[in-house]
Amino acid sequence: MRNERDEQFHRFVVSRRSGLVRTATLLTAGDPHLAEDLVQSTLTKLYVAWPSFQRAGNPDGYLRRVLVNALTDEKRRWWRRREEPMADVPDRAVAVDPLAHGELADGLRAALKQLPPRMRAALVFRYVYDLDVADTADALGCSEGTVKSQTARALDRLRAVIGQNPSLAHL
């Protein structure tokens with residue numbers, strides 16, 4: 001038996017889940033499994049804090065902040081740092097070259113993977129979702145100056161990664 005809160009949350013999930021998965025996929029540099037985990041964590045936290053979410057003046061900003069915090073929390077887990085998801089288990093250890101496929105999207109994901117999660121989030125919110133510095137700062141829970149410095153450092157790192165991999169130069 002559902003109450004009004006459950007109905008509201010259900011409608012929210014139905015209307016926003018695909019966008020959350022798309023954003024989470026970008027924030028995780030294309031890791032669909034981690035993206036699904038992030039969306040699940042985000043929705044769980046949002047359900048618990050549903051009254052606060054409804055009172056929030058900027059619900060989209062609130063949602064982005066919960067998603068970024070879930071990413072930050074996930075990256076801090078010790079077992080996540082060691083885990084490397086693979087489609088098939090190799091017979092022996094193999095060095096993974098994410099650029100070996102030669103696809104542009106794979107190259108971009110590989111370049112984004114070189115960034116720490118908060119830098120990646122700053123780039124995704126600023127350049128993929130075209131948020132201004134203030135909205136990005138709100139989503140990341142930091143100052144506008146921090147967003148500017150994180151964005152500049154992230155772009156410098158991407159340039160360095162692209163410089164080391166000429167196949168990514170046309171990104």
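## Helix α9: length and faces

Let's start with helix α9, residues 144–164: at 1.5 Å a residue, its 21 residues should span 30 Å, and the end C-alpha atoms are indeed 30 Å apart, so expectation and model agree. Keep in mind that this is a predicted model.

Which residues of α9 are buried? They are Val147, Gln150, Thr151, Ala154, Leu158 and Val161. Looking down the axis of α9, these buried residues fall within an arc of 100 degrees, so they line one face of the helix. The general geometry helps here: an α-helix has 3.6 residues a turn, so residues three or four places apart point the same way. On the other side of α9, the exposed residues are Lys148, Arg159, Gly163 and Gln164.

## How α8 meets α9

Helix α8 covers residues 133–140, and its axis comes within 8 Å of that of α9, crossing at roughly 95 degrees. An angle of 65 to 115 degrees counts as roughly perpendicular, which is why α8 is described that way relative to α9.

From α8, the contact uses Val133, Ala134, Thr136, Ala137 and Leu140, while α9 brings Glu144, Val147 and Lys148. Sorted by class, this contact has 5 nonpolar, 1 polar and 2 charged residues. Two of the α9 names are familiar: Val147 is buried, whereas Lys148 is exposed.

## Helix α7 and what follows

Helix α7 passes the length check too: its 12 residues (117–128) should span 16 Å at 1.5 Å a residue, and the end C-alpha atoms are 15 Å apart, which agrees. Its buried residues are Pro117, Met119, Arg120, Ala121, Ala122, Leu123, Val124 and Phe125. After α7 comes Asp130, with a positive phi near 55 degrees.

Definitions and conventions
Residues numbered from 1 in each chain as written. Predicted model: local features only at pLDDT ≥ 70, side-chain atom pairs only at ≥ 80, totals over all residues. Heavy atoms only, no water. Helix = DSSP H or I, 4+ residues; strand = E, 2+ residues; numbered from the N terminus. Expected span 1.5 Å × (residues − 1). Buried < 20%, exposed > 50% of the residue type's maximum accessible area, 1.4 Å probe, protein only. Arc of directions from axis to C-beta. Axes fitted to C-alpha atoms, helices over the stretch in contact; angles between N-to-C directions. Parallel < 35°, antiparallel > 145°, perpendicular 65-115°, else oblique. Contact = heavy atoms within 4.5 Å. Nonpolar A, V, L, I, M, F, W, Y, C, P; charged D, E, K, R; others polar.
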